[in-house]
Amino acid sequence: MEQMYRPRRLRRTPVIRELVAEHTFSGNGLIQPYFVTDGAGIREEIKGLPGIDRESVDKLVETVSHDLALGINKIMLFGVTDRKDVMASTAHDEANPVIVATKALKDKFGDSLFVGADVCLCAYTDTGHCGVTINGEIDNDASVDVLADMALALAQAGCDCVAPSDMMDGRVVGIRDALEGNGYVNTLIMAYTAKYASAYYGPFREAAKSAPGKGDRKGYQMDFRNRTEALRELTLDDEEGADIVMVKPALAYLDIIADFRQQSRLPVAAYNVSGEYTMVKLLAQAGLADEKTMVLENLTAIQRAGASIILTYHLRDILKNGWHNA
Ligand code: PBG
Ligand code: ZN
């Protein structure tokens, strides 16, 4: 058989494959998430997120110090507390564990550590919803005011980047106005721009004690049947003053990531969420698939689709095991 076209010629040896590789995995844009809780001396395992802990500020500072030595210099903080109420007042009070942690980390590590913080109300409302409930309804604009207060408090604590994950309308401009109006002109906003209502947040909600008591998040998070709607959210967040736009989750949403990369001039981030992480961990623990290969395959695919920034619980394992050099 005579053939002109033999694509396998380019796959014959590792060196040829290296020569023609279209994409090289990069660790530069990876961000490690952390869960910070009230109290002291606390470091507890999160059942649904093997290898990830919930920690009080003192323990978190130790962990981050250790992680920084490993090479993790970009982090994202999530608050966990039992102090919940109607107006999510803990979100912006001075004892909020994320605010306390931000101060402690920035005092200790300065600009050698990039500290981002999730801005949402679900960990602080008594309903577990991402906005405040007034007269039995989630009140969009009242929620934006509280989110702006939280973002401002974080900026005052030294936070480099606030990341609103609530999906209320107008939250990016609300936060931007609060920051600009108070002189915080350098605080980045990484908007969860296309955040879908997803079953893959399951382990996170256990970790953050933030599951809604009643109902679901479909009244504010996006419907996974929709693709064009994500572009509308992209336009809005860009016009409202976002610095970075995010797609979440990542793996079932590579089309959305590719759309964002094509349509936007902003850096594109993707959140490789808790359920995506735990799927990989459980397959690996069961001996059904190789963890390193799954991690590199998933994260390379997310980068190939167009995300240069990835929030991922896998980062510590990647650096510990040197997987990024493979
Ligand atoms: C808060 C928030 C959630 C996640 C990030 N910020 C949970 C949710 O929206 O229910 C999910 C992250 C993950 O699953 O890893 N709104
Ligand atoms: Zn939320």
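Is Asp 38 buried, exposed or partly exposed, and what is its relative accessibility? I will come to that in a minute. What you have above is a predicted model, so please hear everything that follows with that in mind.

The overall picture first. The secondary structure of the chain amounts to eleven helices and twelve strands. The C-alpha trace spans about 75 × 45 × 40 Å along its principal axes. For 326 residues, a compact globule would have a radius of gyration near 20 Å, and the chain has 20 Å, so the two agree. Of those 326 residues, 53% are buried.

One example of a buried residue is Ile 31, with a relative accessible area of 5%. Ile 31 belongs to strand E1, residues 30-37. Its C-alpha atom is separated by 21 Å from that of Ser 264, which lies 233 residues away along the chain.

Now back to Asp 38. It has a relative accessibility of 23%, and because buried means under 20%, it counts as partly exposed. Asp 38 is in the loop between E1 and strand E2, residues 43-45. Its side chain meets that of Arg 83 in a salt bridge, 3.6 Å from N to O. Arg 83 is 45 residues from Asp 38, in the loop between strand E4 (74-80) and helix H3 (97-109), so-called distant parts of the chain that the pair links. Arg 83, at 34% relative accessibility, is also partly exposed.

The count of salt bridges comes to 18. In general, side chains of opposite charge can pair when their charged atoms come close. Two others are worth a look on the screen.

Lys 209 forms a salt bridge with Asp 82, with the closest N and O atoms 3.6 Å apart. Here the partners are 127 residues apart: Lys 209 is in the loop between helix H6 (202-208) and helix H7 (228-240), and Asp 82 is in the loop between E4 and H3. Lys 209 is partly exposed at 36%, whereas Asp 82 is exposed at 60%.

Glu 62 pairs with Arg 43, the closest N and O atoms being 3.5 Å apart. Glu 62 lies in helix H2, residues 57-70, and Arg 43 lies in strand E2, so this pair ties together parts that are 19 residues apart in sequence. Glu 62 is partly exposed at 46%, and Arg 43 is partly exposed at 39%. Both residues belong to a network of salt bridges with shared partners, which also takes in Glu 55 and Lys 59.

Next, the aromatics. How many aromatic pairs does the structure hold? There are nine. Take Tyr 277 and Tyr 313: their ring centres are 5.6 Å apart and their planes are at 55°, so the pair is tilted. Tyr 277 sits in helix H9 (274-285) and Tyr 313 in the loop between strand E12 (309-312) and helix H11 (315-321), so the pair ties together parts 36 residues apart in sequence. Tyr 277 and Tyr 313 are both buried. They belong to one aromatic cluster with Phe 35, Phe 78, Tyr 192, Phe 204 and Tyr 271.

Tyr 271 also has Lys 248 over its face, at 5.0 Å from the ring centre. Likewise, Lys 195 lies over the face of Tyr 201, at 5.5 Å from the ring centre.

Last, the surface. Leu 10, Leu 19 and Val 20 make a nonpolar surface patch of about 300 Å². Leu 19, in helix H1 (residues 14-20), counts as exposed at 71% relative accessibility.

Note on methods
Residues numbered from 1 in each chain as written. Chains lettered and ligands numbered in written order. Predicted model: local features only at pLDDT ≥ 70, side-chain atom pairs only at ≥ 80, totals over all residues. Heavy atoms only, no water. Phe/Tyr/Trp six-rings, centres within 6.5 Å; stacked < 30°, edge-to-face > 60°. Helix = DSSP H or I, 4+ residues; strand = E, 2+ residues; numbered from the N terminus. Buried < 20%, exposed > 50% of the residue type's maximum accessible area, 1.4 Å probe, protein only. Lys NZ or Arg CZ within 6 Å of the ring centre and 35° of its normal. Patch = residues over 30% accessible without salt bridge, like charges linked within 9 Å, V, L, I, M, F, W, Y side chains within 5 Å. Areas by Shrake-Rupley, 256 points an atom, 1.4 Å probe, with all protein chains shown as cover. Salt bridge = Lys/Arg side-chain N within 4 Å of Asp/Glu carboxyl O. Rg over C-alpha atoms; globule rule 2.2 N^0.38 Å.
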